[in-house]
Amino acid sequence: MTAVVEENTVLEFRGRMLMMTVLHLKTLALDALHAQLDKSLEESPDWLRDVPIVLDLPPQVEASVVELALVLEALRARDMNLVAVAASSAISEQDIRALGLGMVTLGSQRGGNVPRPEKRADKPEAEPAAASRGETLVIDQPVRSGQQIYSRGDLIVLAPVGTGAELLADGHIHVYGNLRGRALAGVRGDTTARVFCQQLNAELVSIAGHYRVAEDLPESWRNQAVHISLDGEAMQFSPLKPR
């Protein structure tokens with residue numbers, strides 16, 4: 001159905017999708033944040049600038065308004081365009097609004113707060129991130145520049161990923177085509193996550209926060225069918241099929 005707009009109407013709501021980058025924080029420690037932000041922006045200065053950013057807080061931290069305000073100040077000082085905070089048990093919606101930000105629900109959630117791991121006094125070890133993955137998301141169309149796709153589970157793209165596009169997944173990322181954009185797997189800290197692609201020409205590849213920008217990717221793996229994983233903190237590259 002097409003909406004009828006009267007001639008004297010001064011505004012009109014249009015359906016649209018605003019692509020945003022999700023910035024997951026593993027800590028609110030300012031010294032660590034300052035150091036890693038400066039390193040990330042030095043190596044890839046345009047990665048987090050000039051795009052709307054949603055801040056996702058660490059689930060194990062109860063953030064105070066003051067702590068969050070200091071984090072926001074650090075991010076904004078680096079010209080980051082913060083627009084919202086992901087729904088979380090770490091901070092109330094009222095406090096988020098007081099800081100001048102909106103609140104959004106990430107992924108496939110249909111309302112309410114994003115589920116967070118329960119705290120267990122008798123089990124201090126963190127449960128494997130892979131155990132909390134959501135459903136696999138399959139994309140069968142090209143992902144173009146400026147688009148961002150995020151999956152709570154694995155992400156499968158059956159088409160090329162263009163320069164300036166961004167893929168994020170809690171689990172693995174599979175690209176059955178040319179990967180020219182950014183691929184960030186294991187974004188919630190799952191070090192077992194992997195990236196698979198038929199043709200590697202990425203701007204950035206990341207697994208659980210460990211990343212390489214285009215200039216750091218091995219030249220021998222460009223335009224190749226590649227399987228990328230982590231061995232400790234080192235990124236490993238191997239062929240998808242025998243050469």
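Colleague: Is Y176 buried, partly exposed or exposed?
Modeller: Y176 is partly exposed in this predicted model. Its relative accessible area is 44%.

Colleague: Why does that count as partly exposed?
Modeller: Because 44% lies between the cut-offs, under 20% for buried and over 50% for exposed.

Colleague: Which element is Y176 in?
Modeller: Strand β9, which covers residues 173–179.

Colleague: How much of β9 is buried?
Modeller: Six of its seven residues are buried, so the strand is mostly covered.

Colleague: And what does Y176 do at the surface, which patch is it part of?
Modeller: Y176 joins V138 and L158 in a nonpolar surface patch of about 290 Å².

Colleague: Back to the strand. What pairs with β9?
Modeller: Strand β7, residues 155–157, pairs with β9 in the parallel sense, over three bridges. Strand β11, residues 195–200, also pairs with β9 in the parallel sense, over five bridges.

Colleague: Which residues stand opposite each other there?
Modeller: Towards β7, I173 of β9 stands opposite L155. Towards β11, V175 stands opposite C197.

Colleague: Different topic. How many helices and strands are in the chain?
Modeller: Three helices and 15 strands.

Colleague: What share of the chain is buried?
Modeller: Buried residues are 42% of the 243.

Colleague: And what about the accessible surface?
Modeller: The chain has about 13900 Å² of accessible surface, and carbon and sulfur atoms hold 50% of that.

Colleague: What fraction of contacts comes from residues 24 or more positions apart?
Modeller: 40%, counted among contacts with a separation of 6 or more.

Conventions
Residues numbered from 1 in each chain as written. Predicted model: local features only at pLDDT ≥ 70, side-chain atom pairs only at ≥ 80, totals over all residues. Heavy atoms only, no water. Buried < 20%, exposed > 50% of the residue type's maximum accessible area, 1.4 Å probe, protein only. Helix = DSSP H or I, 4+ residues; strand = E, 2+ residues; numbered from the N terminus. Pairing = 2+ DSSP bridges. Patch = residues over 30% accessible without salt bridge, like charges linked within 9 Å, V, L, I, M, F, W, Y side chains within 5 Å. Areas by Shrake-Rupley, 256 points an atom, 1.4 Å probe, with all protein chains shown as cover. Salt bridge = Lys/Arg side-chain N within 4 Å of Asp/Glu carboxyl O. Contact = heavy atoms within 4.5 Å.
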